[in-house]
Amino acid sequence: MRLLLRRDLVCQQAVELVTEYLEGTLSRSARRRFEAHLAGCPHCTEYLAQMRETISLTGRLEPEDLTSQMRDEFVDLYRRWRSEQQ
Amino acid sequence: MMESDRELLLRLRSGDERAFVSLVECYHEPMLHLAASFVPSRAVAEEVVQDTWLALLRGLEGFEGRSSLKTWLFRILVNRARTTGSREQRSVPVADPEPVVDSSRFDGSGSWADPPERWIELAEGRLEAGKLAYRIRAWINQLPARQRAVVLLRDVEGMSSEEVCAVLALSEGNQRVLLHRGRSRLRQLFEDEFRGVR
């Protein structure tokens, strides 16, 4: 069994670093430690993939279409503003 | 100023109704969701968003393009929502003590004892079938207000961290902590949703 070095990350620490890793704000040495942990840990690799998937899924939400009534109201708002301008 | 903003401004200033309506189509609903994280009710959120659209029109002549039109619009919204809303306590610092994954899922050495269950393919399938988006909306709405605001702007709207910091008047560090907590919470909700489905 390999001795656990003080500088090795454990899973519980790795999950707290995911956002900083994805944001690119980890120091170079912290990034290397994080990646070294991932290389030996399928669970944390899966966890990182799930965080990326979470971001991707929320990024695919789309606003609902305006109702035709709301659209008319906004056209009115715009026209009122235009007439104030003149 | 960005070229797309320059063109849009020209059209808005010169009376192009369609330009205004397409802007409203892009941002009305996202602004409602964001406003709701600051104010106590949907009705108040709607009022704040209406006011914001009027403020946009009235400010068009003076807009100088130091930020993108989108960032400017969302800043107007947040300023108005903050003045109106009572829910947000700006003075409370972003606390950072709680772990984002329940500590019972790790063993004494900090390794996974109850590792993440796989759900990515299941979620993709259900999103494709149109059966997941409303759940994700509901989960985002359950996030604490400040995490919700950051997740909405960063991940739903796709703004950069700089833009989000400018819109919400947050430091980079606080923005990142809120983003981390919000995203981690959502990941957990996905895992819970699909636990045992396989």
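1. **The A–B contact.** In this predicted model, chain B puts 42 residues into the contact and chain A puts in 34 residues. On chain B, six helices each supply at least two residues to the side that touches chain A: α2 (17–36), α3 (42–59), α5 (120–128), α6 (133–142), α7 (145–156) and α9 (172–194). The most comes from α2(B), which gives eight residues. By class, the side of chain B that touches chain A holds 25 nonpolar, eight polar and nine charged residues.

2. **Overall make-up of chain B.** Chain B has nine helices and zero strands. Its pattern along the sequence reads α-α-α-α-α-α-α-α-α. The C-alpha trace of chain B spans about 65 × 40 × 35 Å along its principal axes. Of the 198 residues in chain B, 36% are buried. Take the contacts in chain B with a separation of 6 or more: 66% of them join residues 24 or more positions apart.

3. **Domains of chain B.** The domain assignment splits out domain 1 (3–84) and domain 2 (114–194). Their C-alpha centres lie 23 Å apart. Across the boundary, ten residues of domain 1 of chain B are in contact with eleven residues of domain 2 of chain B. On the domain 1 side, the elements giving two or more residues are α2 and α4 of chain B. The largest share of that side is from α4(B), with four residues. The domain 1 side divides into five nonpolar, four polar and one charged residues.

4. **Packing of α3(B) on α4(B).** Helix α4 of chain B covers residues 69–84. It packs with α3(B) at an angle of about 135°, and the axes are 9 Å apart. How does that angle class the pair? Angles over 145 degrees count as roughly antiparallel, and those from 65 to 115 as roughly perpendicular. The angle of about 135° falls under neither heading, so α3(B) and α4(B) are oblique to each other. Their crossing is right-handed. From α3(B), the contact uses B:Val44, B:Val48, B:Val49, B:Asp51, B:Thr52, B:Ala55 and B:Leu56. From α4(B), it uses B:Leu73, B:Ile76, B:Leu77, B:Arg80, B:Ala81 and B:Thr84. These residues sort into nine nonpolar, two polar and two charged.

5. **Packing of α2(B) on α4(B).** Here the angle is about 30°, with the axes of α2(B) and α4(B) 10 Å apart. This crossing is right-handed. B:Tyr27, B:Met31, B:Leu34 and B:Ala35 of α2(B) meet B:Leu73, B:Phe74, B:Leu77 and B:Ala81 of α4(B). By class, the contact has eight nonpolar, no polar and no charged residues. Note the recurring names on α4(B): B:Leu73, B:Leu77 and B:Ala81 appear in the contact with α2(B) and also in the contact with α3(B).

6. **B:Arg18.** This residue is found in helix α2 of chain B. Is B:Arg18 buried or exposed? The cut-off for exposed is 12 or fewer other C-beta atoms within 10 Å. B:Arg18 has 10, so it is exposed. B:Arg18 and B:Thr71 are 53 residues apart in sequence, and their C-alpha atoms are 21 Å apart.

7. **B:Ala169.** Check the backbone here. Phi of B:Ala169 is near 55°, a positive value in a residue other than glycine. B:Ala169 sits in the loop between α8 (161–168) and α9 of chain B. It has 12 C-beta neighbours inside 10 Å, and exposed means 12 or fewer, so B:Ala169 counts as exposed.

8. **A:Leu38.** One residue of chain A for reference. A:Leu38 is found in helix α2 of chain A (residues 28–40). It has 17 other C-beta atoms within 10 Å. Buried needs 20 or more and exposed needs 12 or fewer, so A:Leu38 is partly exposed. Which residues does A:Leu38 touch, not counting those up to four places away in sequence? They are A:Cys44, A:Thr45 and A:Leu48. A:Ala14 is 24 residues from A:Leu38 along the chain, with a C-alpha separation of 8.5 Å.

Technical notes:
Residues numbered from 1 in each chain as written. Chains lettered and ligands numbered in written order. Predicted model: local features only at pLDDT ≥ 70, side-chain atom pairs only at ≥ 80, totals over all residues. Contact = placed C-beta atoms within 7 Å. Nonpolar A, V, L, I, M, F, W, Y, C, P; charged D, E, K, R; others polar. Axes fitted to C-alpha atoms, helices over the stretch in contact; angles between N-to-C directions. Parallel < 35°, antiparallel > 145°, perpendicular 65-115°, else oblique. Left-handed = near helix turned anticlockwise from the far one by under 90°. Domains from an automatic or database assignment.
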